[in-house]
2 protein chains.
Amino acid sequence: MSSVFDALSHPIRREVLELLKRGGMTAGQLSDNFPVSKPTMSGHFAKLKAAGLIRGENRAGHIVYTLNLSTLEEAVMGFMNRMGISREGEAESGPETEISQ
Amino acid sequence: MSSVFDALSHPIRREVLELLKRGGMTAGQLSDNFPVSKPTMSGHFAKLKAAGLIRGENRAGHIVYTLNLSTLEEAVMGFMNRMGISREGEAESGPETEISQ
DNA sequence: ATGGTATTTAGGCATTATCCTAAATAAGGA
DNA sequence: TCCTTATTTAGGATAATGCCTAAATACCAT
């Protein structure tokens, strides 16, 4: 779970996930969207993959990356639920702001 | 928004937020829950505060930290909605996994 | 085989993060 | 005022991150 939040901490990596929302893209196609070198992008892909947020699959000399939404959902929504922010509505068990001294 | 995800990338900071769910706690009370020094914890608080995730208020020689849930909700749910994971249900516009070459 | 395209690995460097101890600051109570 | 407690700031060591260029690898087509 920590590796998911680590992966999400970089804006390029978050944007990669958003791009993949529409469907699979190759490493090169993804890289074209960012002002950093391809090796740098490759490092970002590796981190997203290690976190289980994307999958890479070889196809005809290219590597097609696809989103793994369920990992994102489990980690992030799991945390948000623990924070009392569920899908249904606002906070669940209201924080009473009582200071236990 | 990036500062929120930065702040969430450390497990201690995520756990601090979870502790504060129940209500305000002083820096010392929070620190007692973690195996690192108080100055280190102070640094974590500063980062959470800079991201707008907690507020600190002086009270009788102590500093009481309280959660700012709305910042968390806006940043994280905003991103999740952009990813097609809304509060209502699962994915919204299904990714067709078509490779645009 | 040879060449070209796509991608990653290697190596290096600068910056940032994380942690520590020691010292500074702030506030309260004797 | 003086001491104690609570918290932060300062300074420093170490590790991790993010970026680059150059080189290696993989794979396809000629």
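## Strands, paired helices and the surface near DNA strand D

In chain A, three strands form an open sheet in the order β1-β3-β2, and their pairing is antiparallel. The edges of this sheet are β1 (25–26) and β2 (54–59) of chain A, each of which pairs on one side only. This description, like everything that follows, rests on a predicted model. Within the chain A sheet, β1(A) is joined by two bridges to strand β3 (residues 62–67) of chain A, the two strands running antiparallel, and M25(A) is the residue that stands opposite Y65(A) in β3(A).

Chain B can be followed through its own strands. Strand β1 (residues 25–26) of chain B pairs with β3(B) in the antiparallel sense over two bridges, and T26(B) has V64(B) in β3(B) as its bridge partner. On β3(B) there is also a pairing with strand β2 (residues 54–59) of chain B, where six bridges join the two antiparallel strands, and here R59(B) stands opposite H62(B). β2(B) and β3(B) form a hairpin with two residues between them, and A60(B), which lies in the turn, has a positive phi of about 55°.

How do the two chains' α5 helices pack, and at what angle? Helix α5 (residues 69–82) of chain A packs against helix α5 (residues 69–82) of chain B at an angle of about 160°, with the axes 11 Å apart. Because of that angle, α5(A) is roughly antiparallel to α5(B). The crossing in which α5(A) passes α5(B) is left-handed.

The remaining part of this report concerns DNA strand D. This strand is surrounded by 21 residues, and the closest are S37(A), T40(A), H44(A), G28(B) and Y65(B). By class, the surface near DNA strand D consists of eight nonpolar, ten polar and three charged residues. Of the DNA strand D atoms that lie within 4 Å of the protein, 80% belong to sugar or phosphate, while the rest belong to bases. The table gives side chains with a polar atom close to a phosphate oxygen of this strand.

| Side chain | Distance to a phosphate oxygen of DNA strand D |
|---|---|
| H44(A) | 2.8 Å |
| S42(B) | 3.0 Å |
| K47(A) | 3.2 Å |

The elements that give two or more residues to the surface near DNA strand D are α4 (38–50) of chain A, together with α3 (27–31), α4 (38–50) and β3 (62–67) of chain B. β3(B) therefore appears in two settings, since this strand contributes to that surface and also pairs in the antiparallel sense with β1(B).

How values were computed
Residues are numbered from 1 along each chain as its sequence is written. Chains are lettered from A and ligands numbered from 1 in the order in which they are written. This is a predicted model: local features need pLDDT of at least 70, side-chain atom pairs count only at pLDDT 80 or more; totals for chains, interfaces and linings use all residues. Side-chain values use heavy atoms; hydrogens and water are left out. A residue is near a molecule or strand if one of its heavy atoms lies within 4 Å of it. A polar contact is a pair of N or O atoms within 3.5 Å; within protein, one must be able to donate a hydrogen and the other to accept it, and residues adjacent in sequence count only if both atoms are side-chain atoms. Helices (H or I, at least four residues) and strands (E, at least two) are DSSP runs, numbered from the N terminus. Ala, Val, Leu, Ile, Met, Phe, Trp, Tyr, Cys and Pro count as nonpolar, Asp, Glu, Lys and Arg as charged, and the others, Gly among them, as polar. Two strands pair if DSSP finds at least two bridges between them. Axes are lines fitted to C-alpha atoms, for helices over the stretch in contact, and angles run from 0 to 180 degrees between N-to-C directions. Angles under 35 degrees count as roughly parallel, over 145 as roughly antiparallel, 65 to 115 as roughly perpendicular and the rest as oblique. A crossing is left-handed if the near helix is turned anticlockwise from the far one by less than a right angle, and right-handed if clockwise.
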